[in-house]
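Here are some points that may help as you look through this model for yourself. Please keep the sequence and the 3D view open side by side while reading them.

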Amino acid sequence: MAKTKKCRICGNDFFNDPLLCYKNMPKAAQYLPDKNALKNDHGIDLEVYQCSGCGLVQLSNKPVPYYKEVIRAAGISDEMMAFRKRQFADLLEKYSLKGKKVIEIGCGCGEYLSIMRQAGADACGLEQSAESVSKCVEKGLKADQGFIQDNFYKLEGAPFNAFCMLNFLEHLPDPNSILKGISFNLVGGGMGLVEVPNFDMILRNNLFSEFIGDHLLYFTRDTLNTALKLNGFDIIECNEVWHNYIISAVVKKNSLMPSKVKTLGKSERLDLSHFNKYQSKLKAEIEAFIHRNGNRKVAIWGAGHQALAVIALTKLAGKIRYVVDSAAFKQGKYTPASHIPIVKPDTLRSNPVDAIIVIAASYSDEVAKIIQQKYAANIKVAILRDNGLEII
């Protein structure tokens, strides 16, 4: 699939020049090379464009090979799971969905599907990965293998009373087809919960490291609302949740024909030059922290997309000892492009470091507590905050 120069939502042209161009970035957040693959692993250039019509910010790059699959590490966070339990219970109660048929589009291994069922929904999932579907079934959950390919894709068990799609839409090269396909499988007036990473927050906080090849689309509240309305959904609620990292929209299927996309007006082009200034500032802060604590005596906790981008953009290869991550499927691998080993948390005991930088987005405070309570109370810990490094 070639690079695109037209908006994936409204079909209008991008502004001529990219907003940003990042060199030697990881080619995919979930592609973590093992030792044998290092010699063939190379970084890629990410080009960040903006649609001149609806204003949606997006990559021109082709999608990652596994874009149809949902791969989550969020299930290991007690805080996130508690949040989802409250959220799903409130959703089912508020919109009278208890006992009703609810499908999760992109259900992964059933991490959230099981919570939706516990909250009282007749829940099932759709997932492209056969391995993940098998794990759902092993847990006693209902899940089918598949991916919504077009507007009239027929789902097993349809029609559904509601759906949820949680941090999946931003990965898709053809978001319109999947949204229209979901609508096709809902009852009249069917409800939905759609969540995406919050680009409004990214803009406010200069989070240059939030760009990664996995995420093709970067939605603000306005551009998400536009995408949903153009595909036949009315927005009932739209809020920032989970430490403002997520835009959460409750939607309702609209029986009217969607608006014509070409009637959209021209958008104002964003200026993201301040991202480059913040990147330089953070690079200097990280280098100073490493210098104070000793080269290769510092580790990073986090092998998520934000950490991988920071490592690449601040050129930390050869300067830190290793990257710690709690997800077992990442351990024993290497960071893409920068080739730093990813290790399990117990390595902090067997191969200790003097200091650690936590780059785990909204999970960072939870991780810092784990480090100090479980591994080393005297280790120096810094957290990557929106305004730079905070020493705790």
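1. A word on terms comes before the details: a cavity here is a set of grid points where a 1.4 Å probe fits but cannot get out, and a residue counts as lining a cavity if one of its atoms is within 4 Å of such a point. Please also keep in mind that this is a predicted model.

2. With that term in hand, the structure can be said to hold 4 cavities of 30 Å³ or more, and the largest of these contains about 50 Å³ of space. Its lining is made up of Glu170, Pro197, Phe199, Ile202, Glu210, His215, Leu217, Tyr218, Phe219 and His305. Two elements, helix 5 (199-204) and strand 9 (217-218), each give two or more residues to this lining. Sorted by class, the residues around the largest cavity are 6 nonpolar, 2 polar and 2 charged.

3. Strand 4 deserves a careful look, since 4 of its 5 residues (the strand covers residues 101-105) are buried, so this strand is largely enclosed by the rest of the structure. Here, buried means a relative accessible area under 20%.

4. Which strands pair with strand 4? One partner is strand 5 (residues 122-127), which runs parallel to strand 4 and is joined to it by 5 bridges; within this pairing, Ile103 has Cys124 as its bridge partner. Another is strand 7 (residues 160-166), also parallel to strand 4 and joined to it by 3 bridges, and there Glu104 stands opposite Cys164.

5. The connection between strand 4 and strand 5 can be followed as well, because these two strands, together with helix 2 (residues 113-119), make a β-α-β unit that is right-handed, meaning that the path from the first strand over the helix to the second runs clockwise when the strands point away from the viewer.

6. Finally, consider two residues of helix 7, which spans residues 273-293: Glu287 lies in this helix, and Asn293 is found there too. Are they buried or exposed? Glu287 has a relative accessible area of 31% and is therefore partly exposed, whereas Asn293, at 8% relative accessibility, counts as buried.

7. Each of these two residues can also be placed relative to another one. The C-alpha atoms of Glu287 and Lys315 are 9.7 Å apart in space, although 28 residues separate them in sequence. For Asn293, a polar atom of the side chain lies 2.8 Å from the backbone oxygen of Phe289.

Note on methods: Residues are numbered from 1 along each chain as its sequence is written. This is a predicted model: local features need pLDDT of at least 70, side-chain atom pairs count only at pLDDT 80 or more; totals for chains, interfaces and linings use all residues. Side-chain values use heavy atoms; hydrogens and water are left out. On a 1 Å grid over the protein atoms alone, a cavity is a set of points where a 1.4 Å probe fits but cannot get out, and a pocket is an open set with protein on both sides within 12 Å along at least five of seven lines; lining residues have an atom within 4 Å of a point. Grid points are joined across faces, edges and corners, and a volume is the space filled by probe spheres set on the points. Ala, Val, Leu, Ile, Met, Phe, Trp, Tyr, Cys and Pro count as nonpolar, Asp, Glu, Lys and Arg as charged, and the others, Gly among them, as polar. Buried means under 20% relative accessible area, exposed over 50%, partly exposed in between (1.4 Å probe, protein chains only). Two strands pair if DSSP finds at least two bridges between them. A polar contact is a pair of N or O atoms within 3.5 Å; within protein, one must be able to donate a hydrogen and the other to accept it, and residues adjacent in sequence count only if both atoms are side-chain atoms.
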